[in-house]
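The points below concern the fold and a few local features of the model, and are offered as a colleague's note. Please read them with the structure in view.

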Amino acid sequence: MLSEKEVLHLLEETKAVLHGHFLLTSGLHSPMYVEKFNVLQHPEYTETLCREIAARYAGDNIELVVGPTTGGILLAHETGKALGTRAIFTERENGKMTLKRGFQIPEGCRVLVVEDIVTTGGSVREVMDVVRAHGGEVVGVGLLVDRSGGKVDFGVRTEALLHLSVPTYKPEECPLCKDGVELTKRGSTGKNNPLKK
């Protein structure tokens, strides 16, 4: 089994866990940012991490692995490969999580839901709803990183390879701003550059 220390080392080595002063898409500031694709761009590391997720559910008779776009596609594929199952993904259509591309979930199918980074768990819950709406049974949730500080509860066995408690601050209360540390914008905007004042 990979220890959390080993997982953290791997993520830091690939610069998937960044330390500094970051403006998040929520508008909050944080001294830490998790850029999952810095590790997921390495197939061998993705395979190693997903093998670990798969190992934790090896005795649960998983029949299908499902993840949300985008990072969840890679995790579902590699975890499914390790478990010897199919792997599919959900995507948004008009803002609603759904199955497309002819993907099917047989009635009673035992499903493992996988996701890369979880903060509030909203996307995972949406995937679970899709699985159940198609007649599948969600057996567990496998996560690369749980950064909720242990607050997320999906009602099924959840295995995270790494647990992080990531502090966030309102801009007006941010100690890093007060110390004059340069701010970098991260998140779904795709902008990585330090902000110009």
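1. K15 is placed in the loop between α1 (4-13) and β1. Its phi is near 60°, a positive value in a residue other than glycine. Helices (H or I, at least four residues) and strands (E, at least two) are DSSP runs, numbered from the N terminus. The model is a predicted one, in which local features need pLDDT of at least 70 and side-chain atom pairs count only at pLDDT 80 or more, while totals for chains, interfaces and linings use all residues. Residues are numbered from 1 along each chain as its sequence is written, and side-chain values use heavy atoms, with hydrogens and water left out.

2. A sheet of 3 strands is open, has the order β2-β1-β9 and shows mixed pairing (two strands pair if DSSP finds at least two bridges between them). Because β2 and β9 (184-185) each have a single partner strand, they stand at the edges, and one side of each is left without a neighbour in the sheet. The pairing of β1 with β2 is antiparallel and extends over 5 bridges; L18 stands opposite Y33 in β2.

3. The structure holds 2 aromatic pairs (rings of Phe, Tyr and Trp, the last by its six-membered ring, with centres within 6.5 Å). One of them joins F22 and Y33, with 6.0 Å centre to centre and 45° between the planes. This pair is tilted, given that planes under 30 degrees apart count as stacked, over 60 as edge-to-face and the rest as tilted. F22 belongs to strand β1 (residues 17-23) and Y33 to strand β2 (residues 29-34), so the pair ties together parts that are 11 residues apart in sequence.

4. A second topic is the open sheet of 6 strands, ordered β5-β4-β3-β6-β7-β8 with mixed pairing. At its edges stand β5 (96-98) and β8 (157-163), each with a single partner strand, so one side of each lacks a neighbour in the sheet. From one strand to the next the twist averages 25° (angles run from 0 to 180 degrees between N-to-C directions; axes are lines fitted to C-alpha atoms, for helices over the stretch in contact). Strand β3 (residues 64-68) pairs with strand β4 (residues 86-93) in the parallel sense over 5 bridges, and L64 stands opposite R86 in β4.

5. Helix α4 packs on this sheet, touching β3, β4 and β6 (110-118), where contact means heavy atoms within 4.5 Å. The direction of α4 makes about 135° with that of β6. Helix α5 (residues 122-133) lies across β3, β4, β5, β6 and β7 (137-146) and runs at about 165° to β6.

6. How do α3 and α4 pack? Helix α3 (residues 43-56) and helix α4 (residues 71-83) make an angle of about 60°, with their axes 8 Å apart. That makes α3 oblique to α4 (under 35 degrees is roughly parallel, over 145 roughly antiparallel, 65 to 115 roughly perpendicular and the rest oblique). On the α3 side, the contact is made by T46, E47, C50, R51, I53 and A54, and on the α4 side by L75, E78, T79, K81, A82 and L83.

7. One backbone feature remains: a cis peptide bond joins T69 and T70, with omega about 10°. T70 is placed in the loop between β3 and α4.
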